[in-house]
Amino acid sequence: MLDFVQLEADLDQEERLIRDTAREFVEEHVKPDIGEHFEEGTFPTELIPEMGELGFYAPNLEGYGSPNVSETAYGLLMQELEAGDSGLRSMASVQGALVMYPIHAYGSEEQKEEWLPKLGQGEAVGCFGLTEPEHGSNPSGMETHAEADGDGYVLNGSKTWITNSPISDVAIVWARDRSAEDNPVRGFLVETDRDGVSTNKITEKLSLRASITGEIGLNNVHVPEANVLPGVSGMKGPLSCLTQARYGIAWGAIGAARDAFEEARQYAQDREQFGGPIGRFQLQQRKLAEMATQITLAQLLAYRLAELKERGDMQPHHVSLSKRNNVRMARDQTRVAREMLGGNGITTDYSPMRHMANMETVYTYEGTHDIHTLVLGEELTGIKAYQ
Ligand code: FAD
């Protein structure tokens with residue numbers, strides 16, 4: 001497995017154990033069927049509780065059943081899961097960073113006790129509803145709103161492109177509170193079996209096919225006051241969750257690129273043309289050399305980001321730079337790997353094209369490449385260029 005500058009040498013025992021557990025899980029339970037899931041547009045839902053038992057959902061949180069592992073261990077976990085498929089890593093990212101994290105950071109004691117152990121074990125599935133049909137890159141323009149009503153709130157609006165919504169037990173819905181001054185964005189825990197909630201599946205995807213994506217329709221949905229996340233108000237709520245998830249993506253994308261690289265490296269040694277393996281041609285060696293270099297640079301960035309996060313110094317612009325760079329790297333390099341596999345490379349028998357197709361989603365969600373460019377532009381100049 002590619003580790004060109006021996007980063008593994010610095011891992012502690014727990015980090016190795018988590019990485020190896022995830023790698024073995026992916027080899028045994030994901031890789032054999034993932035091509036078929038991708039073709040059929042399904043997610044291996046039977047793995048959800050198994051992933052919970054193995055501690056794959058937010059193990060970097062502390063308490064309520066989470067072991068508080070290092071940020072490097074968490075990153076390595078995301079890397080191994082995405083080496084299986086971005087759909088698998090998305091499952092863990094949403095459940096952990098976008099559902100458990102906000103409950104852990106901003107939830108009431110009752111909310112934490114009710115949801116964190118169940119979500120952590122994969123006994124319940126959660127989703128994160130921020131994007132709307134008319135508000136993607138600019139979520140603060142959201143129209144979904146809540147009005148105070150007796151002992152709680154009534155929610156109306158619609159969310160789209162929501163990972164896992166059709167299989168979720170609970171959705172974190174971000175909505176404007178019209179009963180409060182300045183209509184701040186608040187987070188609401190919405191059980192999906194409440195009257196007025198619909199979660200239609202989006203079926204036409206050509207990317208992230210092994211992941212369930214849907215809408216959340218909210219038609220006069222009543223939730224009690226106890227379902228509001230009490231600890232946060234304003235866009236800081238959803239944005240702070242996205243920072244956590246983007247951290248995982250900066251690591252995860254390397255896994256997809258590495259897996260595609262390993263398939264190409266093997267193929268170059270096995271496939272014979274003109275009387276010998278294609279790996280003897282300088283053109284193919286150049287591609288492998290470039291892939292290995294780009295993956296290694298992305299790994300170095302991810303390890304540095306983990307150090308910053310571990311000591312509490314990670315800022316959103318650090319995450320933007322890392323997500324932007326590592327996903328672009330994976331998008332480019334999975335295509336080169338695909339190319340090295342010739343005709344076989346366009347099938348689901350091999351991973352590169354599946355990873356390549358997935359990267360179109362990863363390049364777009366959690367802040368598009370363009371939006372992260374603007375975050376960096378703002379950090380570098382002090383001038384906002386979003387509008
Ligand atoms: P738009 O915002 O309409 O952007 C269209 C294009 O315009 C993009 O290229 C963009 O970069 C560009 N653009 C926009 N604004 C600017 C600007 N100011 N300057 C320059 N260029 C600009 N969302 C959730 O809330 N929860 C989820 O679980 C979730 N899962 C997803 C799963 C999948 C498979 C996908 C595809 C998306 C998911 N999303 C989710 C939504 C995702 O975060 C949005 O698609 C993303 O934020 C972009 O929004 P948009 O699609 O509306 O594109």
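Axes are lines fitted to C-alpha atoms, for helices over the stretch in contact, and angles run from 0 to 180 degrees between N-to-C directions. This is a predicted model, where local features need pLDDT of at least 70 and side-chain atom pairs count only at pLDDT 80 or more, while totals for chains, interfaces and linings use all residues. Residues are numbered from 1 along each chain as its sequence is written, and side-chain values use heavy atoms, without hydrogens and water.

**Exercise 1.** Work out how helix 6 and helix 7 are oriented.

Solution.
- Find helix 6 at residues 236–270 and helix 7 at residues 282–310. Their axes come within 10 Å and cross at roughly 155°.
- Helix 6 is therefore roughly antiparallel to helix 7 (angles over 145 degrees).
- By class, their contact has 17 nonpolar, two polar and three charged residues.

**Exercise 2.** Do the same for helix 4 and helix 5.

Solution.
- Take helix 4 (residues 86–106) and helix 5 (residues 109–121). The angle is about 160°, and the axes lie 9 Å apart.
- So helix 4 and helix 5 are roughly antiparallel.
- List the contact (heavy atoms within 4.5 Å). Gln95, Val99, Met100, Ile103 and His104 of helix 4 meet residues of helix 5, including Trp115 and Leu116.
- The contact divides into six nonpolar, four polar and one charged residue.

**Exercise 3.** Find which ligand atoms pair with polar atoms of Ser137, Trp161 and Thr163.

Solution.
- Ser137: a polar side-chain atom sits 2.6 Å from a ligand oxygen atom.
- Trp161: a polar backbone atom is 2.7 Å from a ligand nitrogen atom.
- Thr163: a polar side-chain atom is 2.9 Å from a ligand nitrogen atom.

How values were computed:
Helices (H or I, at least four residues) and strands (E, at least two) are DSSP runs, numbered from the N terminus. Angles under 35 degrees count as roughly parallel, over 145 as roughly antiparallel, 65 to 115 as roughly perpendicular and the rest as oblique. Ala, Val, Leu, Ile, Met, Phe, Trp, Tyr, Cys and Pro count as nonpolar, Asp, Glu, Lys and Arg as charged, and the others, Gly among them, as polar. A polar contact is a pair of N or O atoms within 3.5 Å; within protein, one must be able to donate a hydrogen and the other to accept it, and residues adjacent in sequence count only if both atoms are side-chain atoms.
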